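Me: Could you take a close look at one part of this model for me, and then place it within the whole chain? Keep it informal; I'd like one connected walk-through.

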Amino acid sequence: MIVLDTHTLIWWVTGDKMLSDQAKKTIESEMSVPGGQIIVSAISAWEIAMLVEKGRLILSMDVAGWLDAVAEIDTVKFWPIDVAVALKSVDLPGEFHKDPADRMIVATARKLAAPLVTKDEKIRAYEHVKSIW
């Protein structure tokens, strides 16, 4: 099981060269494992919709259709923001920045005890979550 940061999901699905070789290998490996799971926080759907709304991201189809297509990938599972994740996002150990979406994604990875695939240097520097890039 792995958790994808929002940009990782976008770059993986769109085939963007910004995705590191290690990230790509990690995702492909997870897809090849029987029962493998690629977890995407529901907050990423919100982030993607906001990026499209602001004109900072252009997708090949409307946001809902794009997210539906992503959800059809066998190993991908959108993870809800439940009470536990919401509370964990507020009470992260140590020092972590205030971005609520990043906090939700990190809290999801911590709840699931899964590595987080991210290029985000602030998250990668956070010692309380394992990251891959």
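**A loop residue and its surroundings**

Reply: Start at E127, which sits in the loop that runs between α7 (121-124) and β5 (131-132). Keep in mind that this is a predicted model. Is E127 buried or exposed? With a relative accessible area of 69%, E127 is exposed, because anything over 50% gets that label. For a sense of distance, pair E127 with V40: 87 residues separate them in sequence, and their C-alpha atoms are 21 Å apart in space.

Going back along the chain from there, stop at A113, in the loop between α6 and β4 (116-117). A113 is exposed too, with a relative accessible area of 72%. What catches the eye is the backbone: A113 has a positive phi of about 55°, yet it isn't a glycine. As background, most residues other than glycine have a negative phi. Another positive phi turns up at G15, the residue that follows α1, where the angle is near 70°.

Helix α6 (residues 100-112) also carries K111, so on to the charge pairing, given that opposite charges can pair when their charged atoms come close. How many salt bridges does the structure hold? There is 1, and it joins D82 to K111, with the closest N and O atoms 2.5 Å apart. D82 belongs to the loop between β3 (76-79) and α5 (83-90), so this pair ties together distant parts of the chain, 29 residues apart. Neither end is buried or exposed by the cut-offs: D82 comes in at 27% relative accessibility and counts as partly exposed, and K111, at 31%, counts as partly exposed as well. For the chain's charges overall, count 15 positive and 19 negative side chains, with the centres of the two sets 5 Å apart.

For a contrast with those loops, look at helix α1 (residues 6-14). There, 7 of the 9 residues are buried, so the rest of the structure largely encloses this helix. Which residues of α1 are the buried ones? They are T6, H7, T8, L9, I10, W11 and W12. Helix α4 (residues 63-71) gives you another kind of spot, A64. At 46% relative accessible area, A64 is partly exposed. Measure from A64 to I2 and you get 23 Å, C-alpha to C-alpha, for a pair that is 62 residues apart in sequence.

Now zoom out to the whole chain. It has 7 helices and 5 strands, and reading along the sequence gives β-α-α-β-α-α-β-α-α-β-α-β. The radius of gyration is 14 Å, close to the 14 Å that the globule rule gives for 133 residues, so the chain is as compact as a globular protein of that length. The C-alpha trace spans about 40 × 35 × 25 Å along its principal axes.

As for what is inside and outside, 44% of the 133 residues count as buried. The accessible surface comes to about 7,400 Å², and carbon and sulfur atoms hold 54% of that. Finally, among contacts with a separation of 6 or more, 59% are between residues 24 or more positions apart.

Technical notes
Residues are numbered from 1 along each chain as its sequence is written. This is a predicted model: local features need pLDDT of at least 70, side-chain atom pairs count only at pLDDT 80 or more; totals for chains, interfaces and linings use all residues. Side-chain values use heavy atoms; hydrogens and water are left out. Helices (H or I, at least four residues) and strands (E, at least two) are DSSP runs, numbered from the N terminus. The radius of gyration is taken over C-alpha atoms; the globule rule is 2.2 Å times the number of residues to the power 0.38. Buried means under 20% relative accessible area, exposed over 50%, partly exposed in between (1.4 Å probe, protein chains only). Contact means heavy atoms within 4.5 Å. Accessible areas come from the Shrake-Rupley method with a 1.4 Å probe; for residues, only the protein chains shown count as cover. Lys and Arg count as positive and Asp and Glu as negative; His and the chain ends are not counted. The place of a charge is taken as NZ of Lys, CZ of Arg, CG of Asp or CD of Glu. A salt bridge is a side-chain nitrogen of Lys or Arg within 4 Å of a carboxyl oxygen of Asp or Glu.
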